Amino acid sequence: MNTLRELMAALPKAELHLHLEGSVMPLTLIELAAKNNIVLPEYAKPLDLYEFDKDLAAFLNVYNLVCESIVDHQDFERVTYECLANCHMNGARYVELFFSPQAHFKYGVSYATCLNGVVAGKNRAFEDLGIECQLIPGVNREKPADENLAFLHTILNTQRDQVVGIGLDYYENPFPPELHLETFQLAKEQGLRLTAHAGEAGPAENVQKSVDILGCERIDHGYHIVDSPDMLAEFSKGDIVFTVCPSTTTITTHWHDLADPQHAIKRMVEGGLKVMINSDDPPMMGTDLANEYVLLVEQMGFSLSDIKAFILNGVDAAWISEDKKAYWHKEWAKEIDDLFSKYTTNVQSNLAQSNSGGLVNHDQ
Ligand SMILES: [Zn+2]
């Protein structure tokens with residue numbers, strides 16, 4: 001393990017902010033579109049399909065095209081398995097996976113089809129790779145409140161153990177959290193956990209409202225909280241964990257430069273917030289989970305001890321039993337320390353070798 005990338009891929013990690021449909025690889029999209037007779041835009045190479053203007057609305061157009069291309073049980077099983085295999089390659093041991101059933105309804109795909117396919121893919125990934133996963137159906141904030149409440153009833157009537165909570169996502173600005181209060185209240189009463197995308201493209205007050213009004217236990221993104229010093233100070237005293245996604249900020253927010261000392265994630269950490277690191281929609285954002293951690297060190301200037309803290313924040317924020325949390329906290333901390341010391345020793349010995357001419361041509 002000589003490179004930072006190898007280290008970051010080896011570290012045990014939780015991924016709590018990942019969208020199933022946003023994790024479909026472009027080659028899979030091409031195959032699914034061909035199978036289901038969906039016309040894709042012209043492209044020279046597969047990755048061109050994920051070229052879009054740097055804003056949330058443009059991203060959501062591409063996201064919807066992917067949703068249209070995933071149609072039957074087999075498709076959902078395939079994309080879930082591939083998504084979790086990718087997480088596994090990046091060192092994720094535990095995933096809470098968002099999926100967007102409502103984006104499939106308009107193409108005649110039922111919630112049961114989505115859920116059963118996803119559960120089949122998730123079970124196969126666990127058997128083959130040992131990666132654990134729980135599911136979070138995303139509630140589309142752009143939909144009318146009564147439609148979302150009806151969707152929640154569908155979720156509850158089809159309840160399966162693997163569905164651990166609900167999230168709130170899609171275009172944030174004209175759709176503040178309180179529009180969906182009734183849905184979130186009922187979900188909580190029925191024992192579902194709650195999270196919401198807030199403060200990504202929308203204002204800091206969406207973070208506060210998601211927690212105070214909707215009762216969210218986590219915040220997805222949350223960057224605009226840095227616009228409110230009071231709120232930053234208040235949240236630094238609490239237990240809310242922010243699931244941040246460095247590469248996404250360079251596309252859907254105005255913090256395009258990760259090296260900027262004023263970057264929101266940097267200010268959130270400096271302000272004392274608990275953050276943990278995620279990949280969101282990896283191929284669409286041109287990244288993967290290990291790369292997100294590399295960026296933290298190489299571009300944002302975080303230390304290895306910061307990395308360890310972020311990973312353990314992920315354990316704290318996971319919707320798992322307290323026993324499991326305590327166990328992973330202890331075991332992962334040991335494993336992280338061990339990997340850090342091996343990495344540091346290797347880097348030092350490589351440095352010593354290069355200083356002593358170890359990299360000079362030995363062919364003579
Ligand atoms: Zn997201």
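**Figure 1. Helix H2 and the residue that follows it.** Right after H2 comes Asn37, and its phi is positive, near 60°. This is a predicted model, as are all the views below. H2 itself covers residues 26-35, and its buried residues are Pro26, Thr28, Leu29, Ile30, Leu32 and Ala33. What do those buried residues pack against? Their partners are two helices, H3 (56-69) and H4 (73-89).

**Figure 2. The zinc site, with three histidines and an aspartate as donors.** His17, His19 and His197 each offer NE2, while Asp280 offers OD, and these protein donors lie 2.1 to 2.4 Å from the zinc ion. Read along the chain, the donors follow the spacing H-x1-H-x177-H-x82-D. His197 belongs to strand S5 (residues 193-198), and Asp280 sits in the loop between strand S8 (274-277) and helix H13 (289-298), so this pair ties together parts that are 83 residues apart in sequence. Are His197 and Asp280 buried or exposed? His197 is buried, and Asp280 is too.

**Figure 3. Angles at the zinc ion.** Why is the arrangement called irregular? The angles subtended by the four donor atoms run from 81 to 173°, and that spread makes the arrangement irregular. For a tetrahedral label, all angles would have to lie between 85 and 135 degrees. As a yardstick, four ideal tetrahedral donors would give 109.5 degrees.

**Figure 4. Cysteines without a disulfide.** Searching the whole structure for disulfides turns up zero. For Cys87, the nearest cysteine sulfur is that of Cys83, 4.5 Å away, and Cys87 is in no disulfide. The cut-off for a disulfide is a pair of cysteine sulfur atoms within 2.5 Å. Cys133 is in no disulfide either; the nearest cysteine sulfur to Cys133 is also that of Cys83, at 7.5 Å. Cys87 is buried, with a relative accessible area of 7%, and Cys133 counts as buried at 7% relative accessibility.

**Figure 5. An edge-to-face pair, Phe105 and Phe151.** The count of aromatic pairs in the model comes to ten. In this one, the ring centres of Phe105 and Phe151 are 5.7 Å apart and the planes meet at 80°, so the pair is edge-to-face. Phe105 comes from helix H5 (residues 101-105) and Phe151 from helix H7 (residues 145-157), so the contact ties together parts that are 46 residues apart in sequence. How buried or exposed is each partner? Phe105 counts as partly exposed at 31% relative accessibility, whereas Phe151 is buried, with a relative accessible area of 3%.

**Figure 6. A stacked pair, Trp328 and Trp332.** Here the two rings are 5.1 Å centre to centre, with 20° between the planes. Both tryptophans sit in helix H15 (residues 322-355); being four residues apart, Trp328 and Trp332 are separated by about one helical turn. Both Trp328 and Trp332 are buried.

**Figure 7. An aromatic cluster and two charges over rings.** Phe52, Phe59, Tyr63 and Tyr170 make up one aromatic cluster. Elsewhere, which residue lies over the face of Tyr293? That's Lys13, at 5.5 Å from the ring centre. Arg124 does likewise with Tyr81, lying over its face at 4.1 Å from the ring centre.

**Figure 8. Asn123 and Tyr81, apart in sequence but not so far in space.** Asn123 is part of helix H6 (residues 111-129) and counts as partly exposed at 31% relative accessibility. Asn123 and Tyr81 are 42 residues apart in sequence, with 8.5 Å from C-alpha to C-alpha.

**Figure 9. Helix H9 and its surroundings.** Why is H9 described as largely enclosed by the rest of the structure? Six of the eight residues of this helix (residues 205-212) are buried, so the description follows. The buried residues are Asn206, Val207, Gln208, Lys209, Ser210 and Val211. They pack against S5, strand S6 (218-221), helix H10 (229-236) and strand S7 (241-244).

**Figure 10. Gln190 and Ala201, a view along the chain.** Gln190 is in the loop between helix H8 (181-189) and S5. Gln190 is partly exposed, with a relative accessible area of 46%. How far apart in space are Gln190 and Ala201, which are eleven residues apart in sequence? From C-alpha to C-alpha, Gln190 and Ala201 are 30 Å apart.

Key: Residues numbered from 1 in each chain as written. Predicted model: local features only at pLDDT ≥ 70, side-chain atom pairs only at ≥ 80, totals over all residues. Heavy atoms only, no water. Donors = N, O, S within 2.8 Å, 3.2 Å for Na, K, Ca; no water. Tetrahedral: all angles 85-135°; square planar, octahedral: opposite > 155°, others 65-115°. Buried < 20%, exposed > 50% of the residue type's maximum accessible area, 1.4 Å probe, protein only. Contact = heavy atoms within 4.5 Å. Phe/Tyr/Trp six-rings, centres within 6.5 Å; stacked < 30°, edge-to-face > 60°. Lys NZ or Arg CZ within 6 Å of the ring centre and 35° of its normal.
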